[in-house]
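Dear colleague,

I am passing on the structure below, and I would be glad if you kept it open while reading the notes that follow.

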Amino acid sequence: MKKCINCGADNKNENTFCSTCGGSNFESPYSTDAPGVQPPLPVPPQPPVYGEPRKPFGIFDVFTILGFVSSIVGLMCIWVVLEPLAMVSSILGFFKGGRYKGLAAAGFVIALIAFIIQLFTALYNGNVIGKWAIEGVLH
Ligand SMILES: [Zn+2]
């Protein structure tokens with residue numbers, strides 16, 4: 001239902017003219033057909049968001065992605081190159097890139113852990129360090 005501004009009569013929402021006075025000015029429609037259903041409130045215009053705008057995709061975001069991919073690929077091959085590359089790339093991406101900081105952090109952590117494990121395994125295999133140095137607490 002909607003109320004005529006001229007005479008105050010209730011009119012059907014689909015009415016173009018008031019059935020009582022013939023006026024064409026109505027208040028905003030409201031519903032009496034479905035109790036509990038409120039007419040939608042007018043949405044105030046959103047003020048422009050000041051502060052830091054979402055940064056565009058930049059070159060350092062490429063480093064983030066490169067770092068993460070390198071950390072994963074390095075788990076399978078050429079870790080001695082890929083994991084350090086992943087760490088450097090992830091650090092650059094984390095601090096200089098505007099996006100994907102979580103991905104950068106993940107890439108760095110994966111690369112760091114993989115690098116340490118592989119480094120100590122390599123040192124052990126080269127008889128630089130003893131077995132005691134690479135044993136884990138749980139075995
Ligand atoms: Zn009217």
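I begin with helix H3, in which Ala104, Gly107, Ala111 and Ala114 are buried; please bear in mind throughout that this is a predicted model. The cover over the buried residues of H3 includes H1 and helix H2, the latter formed by residues 79-96. H3 itself runs over residues 101-125, and its 25 residues span 36 Å from the first C-alpha to the last, which is close to the 36 Å expected at 1.5 Å a residue. Just after H3, Asn127 adopts a positive phi of about 60°.

A residue of H1 gives a view of the helical part from the other side. Thr64 lies in helix H1, and it counts as buried because its relative accessibility is 0%, where the limit for buried is under 20%. Once its neighbours within four places in sequence are set aside, Thr64 is in contact with Ser89, Gly93, Phe94, Arg99, Tyr100, Leu103 and Ala104. Ala104 is thus a contact of Thr64 and also one of the buried residues of H3.

To place these elements in the whole: the protein has 3 helices and 2 strands, and from the N terminus on they follow the order β-β-α-α-α. Of the 139 residues in the protein, 19% are buried. The accessible surface of the protein amounts to about 10000 Å², and carbon and sulfur atoms account for 68% of that surface. If one takes the contacts between residues at least 6 apart in sequence, 43% of them join residues at least 24 apart.

The other part I would ask you to look at is the metal site. Which residues supply the protein donors of the zinc ion? They are Cys4, Cys7, Cys18 and Cys21, each through its SG atom, and they lie 2.2 to 2.4 Å from the zinc ion. The arrangement is tetrahedral because the 4 donor atoms subtend angles of 104 to 118° around the zinc ion. Along the sequence, the donor residues are spaced C-x2-C-x10-C-x2-C. Cys7 sits in the loop between strand E1 (2-3) and strand E2 (10-11), whereas Cys18 sits in the loop between E2 and helix H1 (59-73), so this pair ties together parts that are 11 residues apart in sequence.

Are these two donors, Cys7 and Cys18, buried or exposed? Cys7 is partly exposed, since its relative accessible area is 38%, while Cys18 counts as buried because its relative accessibility is 5%. As for the cysteines more generally, the structure holds 0 disulfides, and Cys77 is partly exposed, with a relative accessible area of 36%.

One further residue concerns the start of the chain. Lys12 is found, like Cys18, in the loop between E2 and H1, and it counts as exposed because its relative accessibility of 52% is over the 50% limit. Although Lys12 and Met1 are 11 residues apart in sequence, their C-alpha atoms are 4.9 Å apart in space. Leaving out residues up to four places away in sequence, Lys12 touches Met1 and Lys2.

With kind regards

Conventions
Residues numbered from 1 in each chain as written. Predicted model: local features only at pLDDT ≥ 70, side-chain atom pairs only at ≥ 80, totals over all residues. Heavy atoms only, no water. Donors = N, O, S within 2.8 Å, 3.2 Å for Na, K, Ca; no water. Tetrahedral: all angles 85-135°; square planar, octahedral: opposite > 155°, others 65-115°. Helix = DSSP H or I, 4+ residues; strand = E, 2+ residues; numbered from the N terminus. Buried < 20%, exposed > 50% of the residue type's maximum accessible area, 1.4 Å probe, protein only. Disulfide = S-S within 2.5 Å. Contact = heavy atoms within 4.5 Å. Expected span 1.5 Å × (residues − 1). Areas by Shrake-Rupley, 256 points an atom, 1.4 Å probe, with all protein chains shown as cover.
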